[in-house]
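Biologist: I am new to this structure and would like a close look at a single part. Please take me through the pairing of charged side chains, step by step.

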Amino acid sequence: MPLFWRIFLLNALVLITATALLLGPVTVSTPVLLTEAAVLTVGLAAMLVANALLLRIGLAPLQRLTRAMTTIDLLRPGRRPAVGGQAEVAELITTFNTMLDRLEDERATSSARVLCAQEAERRRIAQELHDEVGQTLTAVLLELKRVAGHAPPDLLEELHQVQETTRAGLDEIRRIARRLRPGVLDELGLASALKSLASDFAGPSLSVRHRLGTDLPPLGREAELVVYRVAQEGLTNVARHARARHAELALRRTATGVELRVHDDGTGLGDAPEGAGIRGMRERALLVGPGLALGAGPGGGTEVRLTVPVPVRDPDRNGRS
C-alpha cells in the first residue's frame, strides 16, 4: 500500500473513532462537568498517542535513511542503511544504496585520474629539480672549488662557508626530489623505499624503527605507490603534529595480502577534524580497496593501518599441468 494511503488511513481511523465516541452514549453538559472533561481529555490523549505511535512505526525506516544521508562519507565506502519498511520505503532505501554504489565508483575513478596526474606532475618536477637545479648547483660547487684554489688566504674561510651552504642546498634539493618521486621505489622495490623513508624522517627528536617482512607477496606498481604514499603521509603527520619520540613503520604479510602499520607514541588524534593529509590517505587507499583505518594505538599514540589485498592466483592458469 502506498505511503500516502497508509498515513491517510491511520488518521482516518483516529477521526472515525473520535466521531463514534461523540455519536455514542457519551454526552457533554453545559457547563462541562469535571468527569466529562476528564473523559474527553483522556480520550484525546489516547488518540494522539495512538496516532503518534502508528506514524512513528510507519516512518521509522525514513528516519534511519535520513540519519544515513547525514553521516555517509564516500571516503569510507561500504556503509549502507538496512533495507526495511513497506514497499515504497524499501524501494527508496534500495535506490539510495544503488546511488551510493554509483557515486563511490565514480569517485574512485575520478580520484585515480587525479592521483595519476598528480604523480606525473611530481615526476616532472622531481626530474627538473634533479637535472636542472641539481646540475646548476653542482656546477656552482665546482666553480667555487676552482676559485678557492686561486683566492687569497683571507677569503678562503668565506668561500668555504659559501661552499657548505651550496652543498646543503644541493642536498635539500635532492631530498625534495626523492620525496616527490622516490626513484628507489622503481629501482630497488618497496622494502628498500620504506627503509629509506624511515631514515629520512629519523632525527634527534624522533627515532623511526622499521620492521619489514621478508616474505612479502608481489604487489602491482600502483599498489606499491599507494603503500609508499600512505607511509610517507603517516610519518609526515607524526613528525609535524604528534609530538612523538618514537615511531614504527611495519609491513607484513597477511592471509589475503599485506598490511602497513605506522604507529607512534605521540598525543593521538583526539577530537581534531581530519585534515587534508588524512583525507588524501583515504583517497589513495580507495585505489586498492577500503582497507585504511586510523585510531589510537595499543599503547597510546596514533596508529595507521592499511590493508592491501593481493589476488590469489589460480595455479591452472600459470601453465602447470
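Modeller: A good place to begin is Arg252, which is partly exposed with a relative accessible area of 45%, where buried means under 20%, exposed means over 50% and partly exposed lies in between, for a 1.4 Å probe and protein chains only. The model is predicted, so that local features need pLDDT of at least 70 and side-chain atom pairs count only at pLDDT 80 or more, while totals for chains, interfaces and linings use all residues. Residues are numbered from 1 along each chain as its sequence is written, and side-chain values use heavy atoms, with hydrogens and water left out.

Arg252 forms a salt bridge with Glu259, their closest N and O atoms lying 3.0 Å apart; the term asks for a side-chain nitrogen of Lys or Arg within 4 Å of a carboxyl oxygen of Asp or Glu. Glu259, at 10% relative accessibility, counts as buried. Both residues belong to a network of salt bridges that also links Arg209, Arg211, Glu248, Arg261, Glu303 and Arg305.

The whole structure holds 13 salt bridges, and one of them joins the side chains of Asp101 and Arg80 at 2.6 Å, N to O. That pair links distant parts of the chain, 21 residues apart, with Asp101 in helix H3 (residues 87–150) and Arg80 in the loop between helix H2 (34–71) and H3; helices here are DSSP runs of H or I with at least four residues, numbered from the N terminus. Asp101 is partly exposed at 37%, and Arg80 is partly exposed at 27%.

How values were computed. Helix = DSSP H or I, 4+ residues; strand = E, 2+ residues; numbered from the N terminus.
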